[in-house]
Amino acid sequence: MSSIESCYNLMDFRALARRRLPRMIFDYLDGGADDEVTLQRNLDSFGGYQLLPRVLRDVGEIDLSTTVQGQAVDLPVLLSPTGQTRMFHPDGERAVARAAAQAGTIYALSSVSSTSIEETAQASDGPKWFQIYVWRDREVIKEFIARSRQSHYQALCLTVDLAVTGNRERDLRNGLTFPTALNARTLLDILCHPRWLMRYLTTPKVEIANVGAANDGQANRDSLLAYISAQFDPTVTWADGAWMVDQWRGPFLIKGIATVEDAVRAVEIGASGIILSNHGGRQLDYAPAALDILPEVVAAVGGRTEILIDGGVRRGTDVIKALALGATAVMMGRPYLYALAAGGEAGVRRMFDLLQAEMRRDMALLGCRKISDLSPDMLRHLE
Ligand code: FNR
């Protein structure tokens, strides 16, 4: 049986995860909205740039460290928030938090995580952000803010691209709906993954850990998810974002910005960082890839806020291209979930090792020793 040692790049973990997970779970991880045009564009956008190496420069020592929201990191790659991580491996968020801490980078915990704010904080002392959605009940938000502060999360990250949930047709076809609608094919497929099934059945019920109190621990998962989706508030406006910035009074990022206009508004309400993101192509299909809008956003608000991007980052060269165009750092979602599904914490550690090795090699070949050496003149845009 192949193992994480046979993975030599991030997409190798995808292939392994595909074998290890039942199809409905893999598709939930891997899929996007509608025709998955944005999902594909996220990956393709990096191909639009060539790298222009400078030679005969001393590249004996490569330094990948930088600072994000005042926090020193060893690698300019952070982990995007993803919900229900224990669906992919029973060690879930704890394993991811430990691997991120070991790599010296930041893990953003999702508000719909399967491990609580406090448990994740206890799992590692690495830097963490907490991601929130805008909930109907402001008391819930206040409670999240208090708990994040208490558990020493460094920043709050407000995701704004989920006014309603995107149309993910792979999930509909697989019956991964609420309530679930398993058919003979999906059931058979689950039975063909006994290792995953045994782990899933023998670990405590996967639930939305952070709202356990609101749920009294009584409701089943389906009604819990119904509760959560009822809590998402599609009537939210920038004023609510400003209220949250004010409540938190610390590093505050807005995730899911897709235009210059909204980047400017985020700066106006006091966001110390923005994350250009289309939710990994899972929300509005035909929304632009973050890399495609990065130059215009940097031109408009660079220097006034930190600009991060996520979506489709799979290679060291992808990270380098984003940073050369002015991003402070990049984030990634699916790659660490693939690696987790493939090999638990060891898988995510190996993912970081591979990515770090790629980046060191690529920086040396490009003639850059440190992150601040990266600039747009290292790139050529292909028409
Ligand atoms: C996500 N994403 C996400 N974003 C967020 O703000 N809160 C969340 O709970 C989730 N949940 C989630 C689950 C899964 C399975 C995926 C794949 C993604 C979006 C995520 O933070 C990020 O924006 C994308 O994953 C980035 O694209 P890549 O790196 O997956 O291509």
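**Entry 1: His279.** I began with the contacts of His279 in this predicted model, and, once I had set aside its neighbours within four places in sequence, I found His279 in contact with Asp161, Leu162 and Gly256. I then placed His279 along the chain, where it falls in the loop between strand E9 (273-276) and H14. I counted 24 other C-beta atoms within 10 Å of His279, and because the cut-off for a buried residue is 20 or more, I entered His279 as buried. I also looked up the record, and noted that the UniProt annotation "active site", from an unreviewed entry, covers His279.

**Entry 2: Glu296.** I went on to helix H14, which spans residues 290-301 and holds Glu296. Glu296 has 12 C-beta neighbours inside 10 Å, and since 12 or fewer is the limit for exposed, I listed Glu296 as exposed. From Glu296 I took the C-alpha to C-alpha distance to Leu325, which came to 9.9 Å, with the two positions 29 residues apart in sequence numbering.

**Entry 3: the ligand.** I looked up the 23 residues around the ligand, and wrote down Ser80, Ser110, Gly280, Gly333 and Arg334 as those that come nearest. Sorting the shell by residue class, I obtained 13 polar, six nonpolar and four charged residues.

**Entry 4: confidence.** I checked the chain's pLDDT, whose mean is 94, with 95% of the residues at 70 or more. I marked residues 213-219 separately, as the pLDDT there is below 50, and noted that this stretch has six contacts in the model beyond near neighbours in sequence. For the complex I copied the predictor's own scores, an ipTM of 1.00 and a pTM of 0.96.

Key:
Residues numbered from 1 in each chain as written. Predicted model: local features only at pLDDT ≥ 70, side-chain atom pairs only at ≥ 80, totals over all residues. pLDDT = per-residue confidence, 0-100. Contact = placed C-beta atoms within 7 Å. Near = placed C-beta within 6 Å. Nonpolar A, V, L, I, M, F, W, Y, C, P; charged D, E, K, R; others polar. Helix = DSSP H or I, 4+ residues; strand = E, 2+ residues; numbered from the N terminus. UniProt positions renumbered as here; feature names shortened; annotations may be inferred.
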